[in-house]
Amino acid sequence: MATIATVLFWLAISIAALLAILFSVFSIYVIYLHRKFSHLPGPKRDSFFFGNLPYIKRELAKGHIFPELVIELNRIHGPIILLWIFHKPFTFVSDPELIRKCLITLKLPKNPFGYINLGYPFGYRMMGHGLVTQVDHDAWQKRRALLNPAFHRRYLMNLMNTFNESCDLFLEKLDNMADGRTIVDMSDEFARVTLDVIGKVAFNVDLEAVKDANSPFTSSISKSLKGMQDCFRMPFWRISVTTFPYQRSVIEAGKFIRDFGRKVILERQEAMLRGEDTPPDILAHILGVKAKEPSITIEDMVDEFFTFFIAGQETTSNQLSFTLHDLLRHPDIEDRVNQEIRAVLGSRQFVEYKDLGNFQFLGQTLKEGLRLHPPAGGTNRITAKDEDIGGYIFPAGTTVNLSNFVMHRHPDSWREPHKFDPDRFSPEVKDEIPQSVYFPFSLGPRTCIGQTFAQFEARVFMARLLQQFELSLCPGQDEIRYEEYLTLRPKGGLLCTLKQRHET
């Protein structure tokens with residue numbers, strides 16, 4: 001017994017000594033990092049090991065979102081700031097010329113650490129190595145070139161029937177609630193109809209989310225996006241027992257979408273083998289990638305399905321929600337939009353392709369909505385070597401965050417930046433806005449492939465909605481509040497009442 005006790009004693013001493021050595025080595029490494037980045041401006045660390053995390057959590061607990069925190073820190077420390085999250089340094093650049101330098105001149109690559117959390121949140125493959133999450137530029141460029149034809153304007157011109165048909169079902173549902181009393185969450189309704197559109201247009205499947213109040217697709221998308229975001233904010237999720245139930249729920253949501261995507265892809269392949277006519281949609285181009293890259297697997301194709309399925313729905317849905325909120329708070333602007341809709345459409349309901357270009361002020365209004373409320377908060381890059389950015393040396397391997405939310409509200413770049421003013425984008429002045437100040441769909445070679453698709457869809461739905469209904473915000477929604485699900489959403493939804501519009 002004494003011998004066993006002695007062995008256990010020395011084993012415990014050895015383990016304690018090893019842990020002490022590891023702790024010392026890690027502490028020395030943290031000191032090295034702190035000194036390596038000490039020349040960069042930013043707030044004082046709250047803690048040696050936790051960095052600025054306590055400060056960040058305090059601010060988020062007040063109801064702020066992270067980009068708003070960056071704006072406040074820019075005001076204090078300037079356009080370049082450094083934040084520590086545990087032992088990891090993160091830089092934030094908020095200057096038009098420096099953003100242009102990072103994204104266009106230097107073409108900084110995407111940060112693998114950041115995008116692995118989008119591709120594989122909590123270790124489960126969701127976006128995988130799809131077009132958004134692919135960090136190998138050469139591989140991305142080759143894939144992008146093969147998928148570009150699916151978003152060419154000539155192809156999008158042929159989607160007007162689908163846009164209008166989906167809008168018919170959407171407006172028919174709203175008509176049943178347009179009594180001026182029933183409260184309708186327009187954010188939820190936009191999410192459903194844009195989901196139906198991406199299903200039909202991109203993959204030729206009828207999801208019927210507008211009709212089905214219990215559709216599992218909308219909740220699965222929300223859970224997946226929230227999981228991707230929380231994966232960034234839970235760095236120790238692998239060892240945290242308390243997060244396991246949440247992780248499982250996120251993984252189940254992602255699995256539901258991937259299983260559905262796999263089924264759709266396999267059914268299309270079988271239809272093609274039978275010689276059936278199939279549409280030249282996004283799915284056709286995903287399968288075309290397989291034809292030109294035989295090494296592509298079914299799971300690689302599901303990556304692209306997952307990416308387009310979520311991104312194609314989420315972007316337009318949030319843009320419509322935020323823009324409608326701003327319109328209903330500014331009756332003078334809403335009236336100008338309505339006058340233009342009447343002038344373009346008259347008594348006609350079907351929106352034709354040629355009408356889109358005539359919705360000049362509506363287009364300006366949607367752009368201003370994107371300025372104030374960009375659906376994605378920004379992009380994440382990394383320095384491949386030491387770089388001089390704004391007079392500071394960013395060491396190789398530095399994470400560089402570039403926020404369009406911050407730049408869209410930058411007081412040095414916008415007059416009255418918090419004011420909703422669509423005339424900022426009028427033909428007379430729009431060319432004065434630098435790309436590096438307004439980039440809701442990113443900037444440089446990796447701009448969003450679906451931005452034209454999203455803007456076509458948004459104009460059709462907003463025009464037809466306002467043509468048919470008068471909408472009013474329910475009490476308590478004077479100020480917009482944000483909820484972060486990787487993208488930005490209206491917190492608590494967008495609660496409105498509707499009634500039929502009767503105008504001569």
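Throughout this tour, "touching" means having heavy atoms within 4.5 Å of each other. Keep in mind as you click along that this is a predicted model.

**Stop 1: Arg424**

Select R424 first, in the loop between α17 (404-408) and α18. Is R424 buried or exposed? Residues count as buried under 20% relative accessible area, and R424 is buried because its relative accessible area is 8%. Now show its neighbours: leaving aside residues up to four places away in sequence, R424 touches E368, R371, W414, R415, E416, P417, K419, V429, K430 and I433. Two of these deserve a closer look. Zoom in on R415, whose backbone oxygen lies 2.7 Å from a polar atom of the R424 side chain. Then draw a C-alpha to C-alpha distance from R424 to W414: you should read 9.0 Å, for a pair 10 residues apart in sequence.

**Stop 2: the three-stranded sheet**

Next, colour the strands β3, β11 and β8, which make up an open sheet in that order, with antiparallel pairing. The edges are held by β3 (184-185) and β8 (469-473); each has a single partner strand, so one side of each is left without a neighbour in the sheet. Helix α18 (residues 451-468) packs on this sheet, where it touches β8 and β11, and its direction makes about 95° with that of β8. Stay with β8 for a moment: 5 bridges join β8 to the antiparallel strand β11 (residues 495-500). To see one partnership in detail, select L473 and look for C496, its bridge partner in β11.

**Stop 3: a hairpin**

Select residues 482-485, which are β9, together with residues 487-490, which are β10; these strands pair in the antiparallel sense over 4 bridges. Within the pair, E484 stands opposite L488 of β10. Which residue sits in the turn? It is L486, with a positive phi of about 70°, and the hairpin has 1 residue between β9 and β10.

**Stop 4: the four-stranded sheet**

Move on to β1, β2, β7 and β4, listed here in their order across an open sheet with mixed pairing. At its edges stand β1 (80-85) and β4 (378-382), each with a single partner strand, so one side of each is left without a neighbour in the sheet. Look along the sheet to see its twist, which averages 30° from one strand to the next. Between β1 and β2 (residues 88-93) there are 6 bridges in an antiparallel pairing, and I81 stands opposite F92 in β2.

Then bring in two helices. Show α3 (residues 66-77), lying across β1, β2 and β7 (399-403) and running at about 125° to β1. Add α5 (residues 112-119), which lies across β2 and β4 and runs at about 130° to β4.

**Stop 5: the nonpolar cores**

Finish with the interior. The largest nonpolar core has 94 residues, and those with the most contacts inside it are F170, L174, M186, F203, F309, L324 and L465. Which helix gives the largest share of this core? Select α13 (residues 298-328), which supplies 11 residues. Centre the view on F309: not counting residues up to four places away in sequence, F309 touches L195, I198, F203, L207, F217, I221, I257 and F260. As a last selection, pick L82, I99, I389 and F439, which are among the members of a second, separate core of 19 residues.

Definitions and conventions: Residues are numbered from 1 along each chain as its sequence is written. This is a predicted model: local features need pLDDT of at least 70, side-chain atom pairs count only at pLDDT 80 or more; totals for chains, interfaces and linings use all residues. Side-chain values use heavy atoms; hydrogens and water are left out. Two strands pair if DSSP finds at least two bridges between them. Axes are lines fitted to C-alpha atoms, for helices over the stretch in contact, and angles run from 0 to 180 degrees between N-to-C directions. A nonpolar core is a set of buried Ala, Val, Leu, Ile, Met, Phe, Trp, Tyr and Cys residues joined through side-chain atoms within 4.5 Å. Buried means under 20% relative accessible area, exposed over 50%, partly exposed in between (1.4 Å probe, protein chains only). A polar contact is a pair of N or O atoms within 3.5 Å; within protein, one must be able to donate a hydrogen and the other to accept it, and residues adjacent in sequence count only if both atoms are side-chain atoms.
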